[in-house]
Amino acid sequence: MKGIVFNVFEEFIETIAGEEFFDDLLDSTVLQTQVPFVGPGTYPDADLMALFTAAVERLGVEPGQALKQFGQFLFHKLIATGPQYAENVDLRQFLLSIHTVIHVEVRKLYPEAITPEFTYDESDDHLVMHYRSARQLWQLAEGLIIGCAEYFNEEITIETQTYDDDPERCSFTITFNGNSEH
Amino acid sequence: MTTSSCQRCTTLERRLQREKDKVHVLERLIEERSATLYEAKQHSEELAHSVESLLRSLPEAMLVIEDDLIIDCNQRAEELLQQTRETMQGKPFTEFVSLAQIDKLPCEVECNWLAGNQPIPTLSSAAEVIGSTNKWMLVGRDMRERQQMEARLLQAQKLESIGQLAAGVAHEINTPIQFVSDSMHFLKESYEDVKPLINAYEEHRQLWPEDIRHHIEELEEDADMEFLREEVPAALDRSISGLERVASIVKALKGFSHPDRDEQSLVDINEALSNTVTVTRNEYKYHAELSLVLGELPSLTCHLGEINQVFLNLIVNAAHAIADNHTDGTLGRIEITTIAIDGAIRITVEDDGGGVPDHIKERIFDPFFTTKAVGRGTGQGLAISHDIIVNRHNGSLDIEDGPAGARFIITIPIEQEGAQ
């Protein structure tokens, strides 16, 4: 996992529970990483999951919901590093460009980055995003989509379908309900 | 200081330390990334250099085309089309390649590339540049050398079959000519033997009875004995001389059509020249007198059949030049001289056929170059001769101006080490 995700996670926890909480979390969690997390670095997925699990346990929140909220928070931080990718496109176009543009750009900067795969089914009313990742972080992906809709000020409804026989896979059926400011 | 403010200080100190650590890590990351970038740049430059070297050393000419315009080319293309890369860039490729057949990519087609007005037979392949929709690459292989080899092979095969045929005919003629010649010599000697007898009859004619002498004189008159006594020996001499000439032509034909195995053999160049002059006599005898000035030569290790082919080409060319130049019907002159000089044998074939203009001299040994009318020349004779002398015998074939025509000079080293 890229260091930027760890850093945003730190910011997310501090926003919710304060700086001391995160310091305690660091002190009390056994991590493989001995150095501070920096954006361009790459760290074990297990470290993020260890911090996340310790945080939800201490805060007493539902992990899936927490992961979704983190995704929502993460989107705003990530888009701030490359706002040009969200210019001159609408939400649907942006979502459609995730695999062919955004992830390609990510790999240009970080060739070792492992990004999830997205395939799409489109209709006038819906966009179905088929997620696949060995990390099985579909709640994070859902949160990212919600964060994205917030960024574009659009109301959406997401119907999420997981697959018992294939936990790496998930489908999001997104309905676009128009501008959220109206 | 309160407990909470103290705790806040600790937190801030820890954060500060973490941020300082992050700076160190980031600095190291930047250094690592810079080193990686530097190495990648070096690697890219090396790769670009090797690709460029590869493209430059390709024996094929290559053009990169975008929207029908040439955007790049390699060195071979510059050489083939006699234009620099800079002058070709931005020009439509159709200016250099007549490729009406390209309607889909990839394709392979034989076509002409155009260097000025000169068409160059080329085998071309056209294919899309990977990852580009409107950019494609045209690769052309110059087919002249292959066509020249094919022509040479064809000519060699033709000469071989003509040679075999000629050798067979020469062998067949040789036997009857031999016994006709023997018989003619026998007749001549017999006539010489009979001559004293006839003279004796003549001397003793007055002793014969009148009626018998009268009858014999009548018979002598009917047979025109006086004329026969004068002309029969002369007729026999002419026949023998003619037969000797036939025999020498047959011998020359056998020598000329010597089956040329791939290995070289020891050859008397003067004899080879004489044979070739004999078999080509019909080509020049109506247009020129040919004189041979043969110096004393050592034997030369060479491909006899090929050397004969060179002599034949030069003699026939000289005869054609004289025929074109002497339109008033006067006979021209072909002079062939041989000399051993500076470790080499030099053969000079000089004519008075008007010579070769300078702008043609430059291209006279190029394959397919000819100034002769269609059907009279293929443009292969001098190119093949040049190849035989230069590449097969480590020699040289040059042209210079003679007093009234062209002078071809063949120089072949007597030592033939490394010749093909």
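**Exercise 1. The cavity**

Which helices of chain A each supply at least two residues of the lining of the largest cavity?

Solution.
- Step 1. Note that this is a predicted model.
- Step 2. Search the whole structure: one cavity of 30 Å³ or more turns up. The largest cavity has a volume of about 40 Å³.
- Step 3. List the lining: A:F9, A:L48, A:M49, A:F52, A:L67, A:F70, A:L137 and A:L140.
- Step 4. Assign residues to elements. α3 (45-59) and α4 of chain A each give at least two. The largest share, three residues, is from α3(A).

**Exercise 2. The pocket**

Find which element gives the largest share of the lining of the second largest pocket.

Solution.
- Step 1. Take the volume of the second largest pocket: about 1,000 Å³.
- Step 2. Look at its lining of 38 residues; A:L78, A:I102, A:H103, A:V106 and A:T115 are the closest to the centre.
- Step 3. Pick the elements of chain A that give two or more residues: α1 (3-17), α4 (63-81), α5 (91-96), α6 (98-109) and α7 (138-151).
- Step 4. Choose among them. α6(A) provides the largest share, with seven residues.

**Exercise 3. A salt bridge between chains**

Trace the salt bridge of B:R18 and state whether its two residues are buried or exposed.

Solution.
- Step 1. Find the partner. B:R18 pairs with A:E10, with the closest N and O atoms 3.0 Å apart.
- Step 2. Place both ends. The pair runs from helix α1 (residues 3-57) of chain B to helix α1 of chain A, crossing between chains.
- Step 3. Check burial: B:R18 and A:E10 are both buried.
- Step 4. Widen the view. A network of salt bridges links A:E10, A:E14, A:E19, A:D23, B:R8, B:R15, B:R18, B:E19 and B:K22.

**Exercise 4. A salt bridge within chain B**

Work out which parts of chain B the pair B:E60 and B:R141 ties together.

Solution.
- Step 1. Check the contact: the closest N and O atoms of B:E60 and B:R141 are 2.9 Å apart, in a salt bridge.
- Step 2. Locate the residues. B:E60 sits in the loop between α1 and β1 (61-66) of chain B, and B:R141 in strand β5 (residues 135-142), so the bridge joins parts 81 residues apart in sequence.
- Step 3. Classify B:E60. Its relative accessibility is 15%, so B:E60 counts as buried, the cut-off being under 20%.
- Step 4. Classify B:R141. With a relative accessible area of 44%, B:R141 is partly exposed.

**Exercise 5. A helix length**

Test whether helix α5 of chain B has the expected span.

Solution.
- Step 1. Count residues: helix α5 (residues 210-223) has 14.
- Step 2. At 1.5 Å a residue, the helix should span 20 Å.
- Step 3. Compare. The end C-alpha atoms are 20 Å apart, which agrees.
- Step 4. Look past the end. B:D224 follows α5(B), and its phi is positive, near 55 degrees.

Definitions and conventions. Residues are numbered from 1 along each chain as its sequence is written. Chains are lettered from A and ligands numbered from 1 in the order in which they are written. This is a predicted model: local features need pLDDT of at least 70, side-chain atom pairs count only at pLDDT 80 or more; totals for chains, interfaces and linings use all residues. Side-chain values use heavy atoms; hydrogens and water are left out. Helices (H or I, at least four residues) and strands (E, at least two) are DSSP runs, numbered from the N terminus. The expected span of a helix is 1.5 Å times one less than its number of residues. On a 1 Å grid over the protein atoms alone, a cavity is a set of points where a 1.4 Å probe fits but cannot get out, and a pocket is an open set with protein on both sides within 12 Å along at least five of seven lines; lining residues have an atom within 4 Å of a point. Grid points are joined across faces, edges and corners, and a volume is the space filled by probe spheres set on the points. A salt bridge is a side-chain nitrogen of Lys or Arg within 4 Å of a carboxyl oxygen of Asp or Glu. Buried means under 20% relative accessible area, exposed over 50%, partly exposed in between (1.4 Å probe, protein chains only).
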